[in-house]
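Dear colleague,

Please find below the structure that I agreed to pass on to you. My notes on it follow directly after.

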Amino acid sequence: MRTHTCLECGAVLKHYDFVSRSVRTQNRNSNIVKIERFKCPVCKHIHRVLPDDLYPYKQYSAEIINGVLDGSITSDTLEYEDYPCEATMHRWLNEFH
Ligand SMILES: [Zn+2]
């Protein structure tokens, strides 16, 4: 089992609960993923731990984010009707490059 440390104070986090979240994938599908939350015993912050295949970008899947970053998905890519808006894609490109 992995241990997670608090980003605020460095203490080892304790399991708190699970929350469900809808993650958008291509073709307007969405997956429900379970996200485990941890609570810091020292500073009481609640931290979410994302599954490894998710970037911390809310409702978009890693597959779509990677497509944007490598240029295979743009606002003209029709098969991705749910593509992120231009501003979101620009933000990803700025942050990852
Ligand atoms: Zn803490």
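**Zinc site and salt bridge**

Along the chain, the donors of the zinc ion are spaced as C-x2-C-x30-C-x2-C. Please bear in mind that this is a predicted model.

The protein donors of the zinc ion are the SG atoms of Cys6, Cys9, Cys40 and Cys43, lying 2.3 Å from the ion. The angles that these four donor atoms subtend around the zinc ion run from 101 to 123 degrees, and the arrangement is therefore tetrahedral. Four donors count as tetrahedral if all angles lie between 85 and 135 degrees.

Two of the donors show how the site links parts of the chain. Cysteine 6 belongs to the segment before β1 (14-24), whereas cysteine 43 sits in the loop between β2 (30-39) and β3 (46-49), so this pair ties together parts that are 37 residues apart in sequence. As to accessibility, cysteine 6 is buried, at a relative accessible area of 5%. Cysteine 43, by contrast, is partly exposed, at 29% relative accessibility.

Apart from the metal site, the count of salt bridges comes to one. In this salt bridge the side chain of arginine 37 meets that of aspartate 17, with an N to O distance of 2.8 Å. Arginine 37 is part of strand β2 and aspartate 17 is part of strand β1, so the pair ties together parts that are 20 residues apart in sequence. Aspartate 17 has a relative accessible area of 24% and is thus partly exposed.

With kind regards

Note on methods: Residues are numbered from 1 along each chain as its sequence is written. This is a predicted model: local features need pLDDT of at least 70, side-chain atom pairs count only at pLDDT 80 or more; totals for chains, interfaces and linings use all residues. Side-chain values use heavy atoms; hydrogens and water are left out. Donors are N, O and S atoms within 2.8 Å of the metal (3.2 Å for Na, K and Ca); water is not among the atoms, so sites may look incomplete. Four donors count as tetrahedral if all angles lie between 85 and 135 degrees; four count as square planar and six as octahedral if opposite donors are over 155 degrees apart and all others between 65 and 115; anything else is irregular. Helices (H or I, at least four residues) and strands (E, at least two) are DSSP runs, numbered from the N terminus. Buried means under 20% relative accessible area, exposed over 50%, partly exposed in between (1.4 Å probe, protein chains only). A salt bridge is a side-chain nitrogen of Lys or Arg within 4 Å of a carboxyl oxygen of Asp or Glu.
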